[in-house]
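This report goes through a single protein model, beginning with one residue and its surroundings and then widening to the sheet, a helix and some backbone details.

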Amino acid sequence: MIRHLFRRCGNAPGDVTPEDQAVIDAFHARLAAIAALRSPEPWTPGQCQDVAVRVGPFIERAHTRPGDGHGRDIIAVALQHPGGSYTPYGERYRKLGWLRCETTAILGVWQPAYSMLTHAAAGLDLPDDVGMAPAHYGVHVEARRSDNTGYTLLRLGPYFQTWLASRDANRLNAELEGRAATVIPGFTVIAKDAPFDVSDHESYTDPYKAEVAALLAATIAGVSA
C-alpha cells in the first residue's frame, strides 16, 4: 500500500519530478491536517489568537475581536483567508465583517496545518451563508460624571453598517442637545457608536425594530422616576 502511494508517475527512473513532489507534499499536508484535527490546541476565551472555526464541512481561520471573549456561548469573529487578511477567496474578494460565532463551532487555536481543510484549498469561495449572523456595530448611550465614571443607560445593536450606527448616535445626541447635562442630575448623557459587544448581546435592543428616540426617552424617564 505504501509503495503504491509513492509510486512515481509513469514509473520513470531518476530524480523526483515537480509533479511527483507536489503529490508527495499534498499527501504530507493531508497527514498534518488529520493530526491537527485529532489533537487541536485548546483555545481560551479572551485570548487574542486566531481560531479554527467549522463552516459546514470545512475549517476556516478566524480573528477574534478583543473584548468579546469572556467565556460566553457567542463571540465575535472575522473569517480570514488562510493565506492572510488581504488574500481573496476564489473569484470574489469578500469581507464579511464581524460575525456572531458560537463557541461550540471553534475547534481550537488556528494551526497552519488546517489550511488544507479550508474552502480556499478546495478552490472555493466562502458560501453566501456561513451560518453566522452579523455582529458589527452598536450605539451606547452613557451617563458620565465629570471624573469620567458612570454607567451605560442604553445599548443598541447590532447595526450591519457603521454609518447607520453613526447616524443614530448623532440623532440621539441631537435629541439631548441643550439638556445632556441636566436630564440625570450629576451626569452628562451622550450617545456614541461602538463595536457591538457580542459577549453581552442580551443587553442590546435591536435598532431595526424600535424607534431609537422613543427608546431614549423611555430609558431616561425610567432612571428619573
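Thr64 has a relative accessibility of 13% and therefore counts as buried, the cut-off for that class being under 20%. The model in which this holds is a predicted one, and within it Thr64 belongs to strand β2. Apart from neighbours within four places in sequence, the residues in contact with Thr64 are Trp43, Gln47, Cys48, Gln49, Val51, Ile75, Ala76, Val77 and Trp98. One of these, Gln49, places its backbone oxygen 3.5 Å from a polar atom of the Thr64 side chain, while Val77 is the bridge partner of Thr64 in β3.

That pairing belongs to a wider arrangement. Strands β2 (residues 58–64) and β3 (residues 74–80) run antiparallel and are joined by four bridges, and both are part of an open, antiparallel sheet of five strands whose order is β4-β3-β2-β1-β5. Because β4 (99–102) and β5 (106–109) stand at the edges with a single partner strand each, one side of each has no neighbour in the sheet. On average, and with direction ignored, neighbouring strands of this sheet are turned by 50 degrees against each other.

Helix α3 (residues 162–176) offers a check on its own geometry: its 15 residues should span 21 Å at 1.5 Å a residue, and the C-alpha atoms at its ends are 21 Å apart, which agrees. Its buried residues are Leu164, Ala165, Asp168, Ala169, Leu172 and Leu176. Viewed down the axis of α3, these buried residues fall within an arc of 135 degrees, so they line one face of the helix. They pack against β6, β7, β8 (188–195) and α4 (212–224), whereas the exposed residues Trp163 and Asn170 are carried on the face turned away from the buried side.

Some details of the backbone remain to be described. Most residues other than glycine have a negative phi, and most peptide bonds are trans. The table lists two positive phi angles.

| Residue | Phi | Location |
|---|---|---|
| Asn148 | about 75 degrees | loop between β6 (137–144) and β7 |
| Gly178 | about 85 degrees | just after α3 |

Asn148 is not a glycine, yet its phi is positive, and with a relative accessible area of 56% this residue is exposed. A cis peptide bond, with omega about 0 degrees, joins Gly157 and Pro158; Pro158 lies in strand β7 (residues 150–159), and β7 is among the elements against which the buried residues of α3 pack.

Note on methods:
Residues are numbered from 1 along each chain as its sequence is written. This is a predicted model: local features need pLDDT of at least 70, side-chain atom pairs count only at pLDDT 80 or more; totals for chains, interfaces and linings use all residues. Side-chain values use heavy atoms; hydrogens and water are left out. Two strands pair if DSSP finds at least two bridges between them. Helices (H or I, at least four residues) and strands (E, at least two) are DSSP runs, numbered from the N terminus. Axes are lines fitted to C-alpha atoms, for helices over the stretch in contact, and angles run from 0 to 180 degrees between N-to-C directions. Buried means under 20% relative accessible area, exposed over 50%, partly exposed in between (1.4 Å probe, protein chains only). A polar contact is a pair of N or O atoms within 3.5 Å; within protein, one must be able to donate a hydrogen and the other to accept it, and residues adjacent in sequence count only if both atoms are side-chain atoms. Contact means heavy atoms within 4.5 Å. The expected span of a helix is 1.5 Å times one less than its number of residues. The arc is that of the directions from the helix axis to the C-beta atoms.
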